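Here is a short walk through one protein model, written for someone meeting it for the first time. Have a look at the sequence and the fold, then read on.

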Amino acid sequence: MTILRDLSIFWVMFHVIFLFLILFRSRFARKKTILAAGIGMGILMTLNSVILIVYGIDVISKLFLFTCSIPSFIFFYVMSTDKRFRFLLTFCLADTTCLWIMAVTNLLDHYLGGGQYVLMFVSRLIACPLIEYLAWRYLRKPYLELQDAVEKGWGVFAGLAMLYYLLLVVMVQFPTNIIDRPEDTFLCILVLVLMLFSYATIFSALYRQLLLYRKRQSECVLQEQKNALEAQLENQQQIRRMKHDMKGHMVTLAGLLAEGQVKEAQEYLKGVETKMTALSGQFCANPYLNAVLAQYSGRLEMLEAEYKMDIQVGEEALPYMELCQILSNGLENACDALKRLDTEKREVSVQMRYNGIYLLIRIRNKCRDDLYVERGTIPATDKEGRGHGIGLATVQEAAERLDGEMFCYTENGYFVLDVMVSCQEVKTNVKND
């Protein structure tokens, strides 16, 4: 019946890779990551399988740290976007979880299954996919979100996870397997239970960090909405002033025409048109989107950047809150990127197309020559301090609320942000002045 034991070991080795990939953030595309992981881990699993067959379970248990854990750590570290303690925590979390499953099922089979390995095989067969489902369903999204949100504090959690990993390896396998040391069984059970409570403490602390991050993100969103509404109010006030000034302009034009000064009236009318365009910053008929574009056009002019606005949106009543979020965060990132460039290289363009069902937004700006972002990934921020690095995440969330998608990538020295959303016109009651 040792074949069941050996198969269960291969099963756990296979699934520890899946559990790790659920929580892992690669700096390569998904297909390339899966292909590389399959080849690299396939070689390691083959090597460990040969050692298991030739030398037996006792030898492979003692050499597993050196024949699998350390090589896989180095392999995935090279591929990882996250470095240092964030990666260490992720790696140790996956490994200690699977080691915990192996230790518990080993004890259950020895004391309840008669050491026939049937209970071990069945319990591992069920436990590994169950843990992966729970990790995918409840842990993956907040855990990845936390890695973007929290800069410090990972060292303590990573150190604790690494100590538990080493403690489990030593407790279960040295000097012999735990089932051959009945005097240490109770101590091993205490360690296994303590590990559960310790990880519960880690996840509780991380969850509180996530709540703080979401609170800061919500505050940023509300501030953006406030800025957009204030810009809209200022835009409306400018329009009211222009309406009031038009009375004076009409009197002047009427006087010039009454005296037959047609040429002078035409010149005066051109001046009025130029002034109105400058005051309104009219980029599109939608007042909310126009307010955001007008606000950032002023900032781009202060940066002495060359910018183009190609906005093909009419007076449709669109979900302006989400669209203003997308525009403001996208243009904020563009402004940040342009600040790091020489003045003559500062260039940005904004394109919007609306066909009545879908709205397409593209923000394209010059970026650093060494910046590389592959399509389908979100680059990590390199800003110092807290509260940074949530702009693109906010754009993505706003797009998802509108059943849309966001993609960003670098291309020929430009950073490109593409957003497509389902954006049918909504009915609102708008009061005209």
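## T410 and its surroundings

T410 sits in strand β4, which covers residues 405-411. Helices and strands here are DSSP runs, numbered from the N terminus: helices are H or I with at least four residues, strands are E with at least two. This is a predicted model, where local features need pLDDT of at least 70, side-chain atom pairs count only at pLDDT 80 or more, and totals for chains, interfaces and linings use all residues. Residues are numbered from 1 along each chain as its sequence is written, and side-chain values use heavy atoms, with hydrogens and water left out.

So is T410 buried or exposed? T410 is buried, since its relative accessible area is 16%. (Buried means under 20% relative accessible area, exposed over 50%, and partly exposed in between, using a 1.4 Å probe and protein chains only.) Leaving aside residues up to four places away in sequence, T410 touches C367, L371, Y372, V373 and F415, where contact means heavy atoms within 4.5 Å. With V373 there is also a polar link: a polar atom of the T410 side chain lies 2.9 Å from the backbone nitrogen of V373. (A polar contact is a pair of N or O atoms within 3.5 Å; within protein, one must be able to donate a hydrogen and the other to accept it, and residues adjacent in sequence count only if both atoms are side-chain atoms.)

## The strands around it

Across from T410, in β5, stands F415. The two strands, β4 and β5, pair antiparallel over 7 bridges, pairing being called when DSSP finds at least two bridges between strands. They make a hairpin with 2 residues between them, and N412 in the turn has a positive phi of about 55 degrees.

Strand β5 (residues 414-422) also pairs with another strand: 9 bridges join it to β3 (residues 358-366), again running antiparallel. One of the partners is easy to find: Y358 is bridged to S422 in β5. Strand β5 is mostly covered, with 7 of its 9 residues buried.

## Rings that meet

How many aromatic pairs does a search of the whole structure find? There are 15. Rings of Phe, Tyr and Trp (its six-membered ring) pair if their centres lie within 6.5 Å; planes under 30 degrees apart count as stacked, over 60 as edge-to-face and the rest as tilted. Take F20 and F91: their ring centres are 5.9 Å apart and their planes stand at 75 degrees, so this pair is edge-to-face. F20 is in helix α1 (residues 2-23) and F91 in helix α4 (residues 84-112), so the pair ties together parts 71 residues apart in sequence. F20 and F91 are buried.

F73 and F87 are edge-to-face too, because their planes are at 65 degrees, with ring centres 5.1 Å apart. F73 belongs to helix α3 (residues 57-79) and F87 to helix α4, 14 residues apart. F73 is partly exposed at 26% relative accessible area, while F87 is buried at 2%. These four rings belong to one aromatic cluster made up of F20, F24, F73, F75, F76, Y77, F87 and F91.

## Two nonpolar cores

In soluble globular proteins, nonpolar side chains tend to be buried together. The largest nonpolar core here has 59 residues, and F20, F76, L89, W154 and C188 have the most contacts inside it. (A nonpolar core is a set of buried Ala, Val, Leu, Ile, Met, Phe, Trp, Tyr and Cys residues joined through side-chain atoms within 4.5 Å.) Helix α4 supplies the largest share of this core, 11 residues. W154 touches F85, R86, L89, Y143, L146, Q147 and L206, not counting residues up to four places away in sequence.

Apart from that core lies another, of 41 residues, including L300, L303, A399 and V421.

## Backbone oddities

The peptide bond from F174 to P175 is cis, with omega near -5 degrees; P175 is in the loop between α6 and α7.

E304 has a positive phi, near 60 degrees, in a residue other than glycine. E304 is in the loop between α9 (287-302) and β1 (306-312), and is exposed at 58% relative accessible area.
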